[in-house]
Amino acid sequence: MNIYEVCDNRNIGLMAKFMRALQAIYDIHVIKKQIIVINWSKIPYYYDASYGENVWEYFFEQPSKVNIDKKSTVIQVGEQHYGYPDCNNQSRMDQLQSVAHNNIKVKNNVTSIVDDFYNANMRGKRVLGVHKRGCAMYSPDVSKFRIWKGHGRNYVLTVDDYFRKIDEFIINFDCVLLITDESLSLNHFRKQYGRALIHYDEALLSDANCEEIYLDVGRSSPYKIGEDVLVECILLSKCDKIICTQSNVSMASYGFSSLRYSDVYYIDKHIKMI
């Protein structure tokens, strides 16, 4: 029996790893009809020995139910072969949404948190979801953040750009769910939207030094920051419309969701990403 083991122990964001794994599942399991397991062994940003060796299994069931034994032929494949999907490609995004719906099972330790928050704050409401990247995306001017374009950076978006787009839609919604990874954005949004803003306050956030969360508070809580981003990603997927930038978190949210492609507005889509 051949078993394809997709391996990746590099230090990149959890949802970046997830989107690569999703494409591997599509290629190996859906198209080629092969058995596949995901191995994120000891990835430093999220590894906590008390939860086991394989970080994938902290949060997800394996896409194939299989036991690897001496009779198995294990074929290792690197996730880096799958790159990142293009969120501007609707057919590809819809394809990966189908893969997620049919092959990804999130474990109960995450779904129970999602369900509790959803029932307490979102059920019965029309919710506008917003993913506002912070931390490494910020410039020294805290009202702006930077978008990567290849190896160069251009300062192109401000908090007010988000507010203007939110204000175009907010009349049709009961509240705004904010997903972010640092406290500065949360403070800006709370000041702007007050009680209309909801946020998963159990999530760890980076503070005003604007470092990536896994280089900041995440150093002492590797499991927690992985759990947080997945919880927030799934909560975002349960919104009725999403405003976001082109990121793996927003693409994964679309994968988990039942939204139409037109229900996701990429605020930076006009920027040519190279």
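Two parts of a structure are in contact when their heavy atoms lie within 4.5 Å. Keep that in mind for this predicted model.

Start with helix 3, residues 90-103. Which residues of helix 3 are buried? They are R92, M93, L96, Q97, V99, A100 and N103. These residues cover an arc of only 160° around the axis, so they sit on the same side of helix 3. The helical repeat helps here. An α-helix has 3.6 residues a turn, so residues three or four places apart point the same way. Now turn to the other side of helix 3. There, S91 and N102 are exposed.

What covers the buried residues of helix 3? The cover includes helix 1 (14-31), helix 8 (248-256) and strand 10 (264-266).

The length of helix 3 can be checked too. At 1.5 Å a residue, its 14 residues should span 20 Å. The end C-alpha atoms are 20 Å apart, which agrees.

Next comes the sheet. It is open, with 3 strands in the order 2-1-3, and the pairing is parallel. Strand 2 (35-39) and strand 3 (73-78) stand at the edges. Each has a single partner strand, so one side of each is left without a neighbour in the sheet. On average, neighbouring strands are turned by 30° against each other, direction ignored.

Look closer at one pair. Strand 1 (residues 2-7) and strand 3 run parallel, joined by 6 bridges. In this pairing, N2 stands opposite T73 of strand 3.

Helix 1 appears again here. It packs on the sheet and touches strand 1, strand 2 and strand 3. The direction of helix 1 makes about 160° with that of strand 2.

Notes. Residues numbered from 1 in each chain as written. Predicted model: local features only at pLDDT ≥ 70, side-chain atom pairs only at ≥ 80, totals over all residues. Heavy atoms only, no water. Helix = DSSP H or I, 4+ residues; strand = E, 2+ residues; numbered from the N terminus. Expected span 1.5 Å × (residues − 1). Buried < 20%, exposed > 50% of the residue type's maximum accessible area, 1.4 Å probe, protein only. Arc of directions from axis to C-beta. Pairing = 2+ DSSP bridges. Axes fitted to C-alpha atoms, helices over the stretch in contact; angles between N-to-C directions.
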